[in-house]
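Student: I would like a close look at one part of this protein. Please take a single helix packing and walk me through it.

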Amino acid sequence: MNDVPDTEDSRLETEEVSDETMDSASSLFARASRPYWDWRTEEEGGIAAVAESFKEDRSPGARWIIARSNKRTCRVGRDLPHYYEPGVAWFRGAFVLPEHRGKTVGSALMSEIARFAKHLGQREMIVYTFSYSDSLAPGALLYLKSGGKIEAEYLQLA
C-alpha cells in the first residue's frame, strides 16, 4: 500500500457508491469488463445479468468507489476491508471503460483507492486477476505499475 504512487488527477471526481449511484456503477462495471471478461459475461447471461449480479453482491463491509472524469462516469473500484485478516483487504479490482484506458485515469483511481483503504485501516490489499498466456490484461499491468507485485501464478486449462 505504501508503494502506490500518489497520482492526482484534477479531472477525477470520486465517491463511494450509494443507492443513488448503484445503477450507474453496475452498468459501468459490466461495460468495463470488456473485452477481457466477455466469456464470463456470456456465461452469466449477458451484460444486464452481470450488472444485476454487481448490485446483488453486497458482501458485508464491501466498499465500492465510482469515479467520473469531466462529469462522465468512467471507472469503478472495489475494496473489501479486513477480508483476510485485520488490515488486509481483498481488492476486487479497478474497472475502467475501454475508451478511457491508457490515459492515466486508472493510476489516479488506484491512488484514490489506496488512500481510501488506508483511511479504513488497511495496510495491504490482495487482488486476484488473470491474463492470457501471451499478454497481461490491463488490470494486471495497472496493479504492477501501482506498486503491486506478483506473488503467485495459477494456470487453468479448459
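Tutor: What follows is a look at how two helices meet, and at one residue in their contact. Keep in mind that the model is predicted. Two packed helices are described by the angle between their axes and the distance between the axes. Take helix H1, residues 22-32, and helix H3, residues 47-56. Their axes come within 8 Å. They cross at roughly 130°. That angle lies outside 65 to 115 and is not over 145, so H1 and H3 count as oblique to each other. The crossing of H1 past H3 is right-handed.

Now the residues. H1 brings Met22, Asp23, Ala25, Ser26, Ser27, Phe29, Ala30 and Arg31 to the contact. H3 brings Ile47, Val50, Ala51, Phe54 and Lys55. By type, the contact of H1 with H3 has eight nonpolar residues, two polar and three charged.

Zoom in on Lys55, which sits in helix H3. Leaving out residues up to four places away in sequence, Lys55 touches Met22, Asp23 and Ser26. Lys55 and Ser26 are 29 residues apart in sequence. In space, their C-alpha atoms are 6.2 Å apart. Is Lys55 buried or exposed? Its relative accessible area is 24%. Buried means under 20% and exposed means over 50%, so Lys55 is partly exposed.

Conventions: Residues numbered from 1 in each chain as written. Predicted model: local features only at pLDDT ≥ 70, side-chain atom pairs only at ≥ 80, totals over all residues. Heavy atoms only, no water. Axes fitted to C-alpha atoms, helices over the stretch in contact; angles between N-to-C directions. Helix = DSSP H or I, 4+ residues; strand = E, 2+ residues; numbered from the N terminus. Parallel < 35°, antiparallel > 145°, perpendicular 65-115°, else oblique. Left-handed = near helix turned anticlockwise from the far one by under 90°. Contact = heavy atoms within 4.5 Å. Nonpolar A, V, L, I, M, F, W, Y, C, P; charged D, E, K, R; others polar. Buried < 20%, exposed > 50% of the residue type's maximum accessible area, 1.4 Å probe, protein only.
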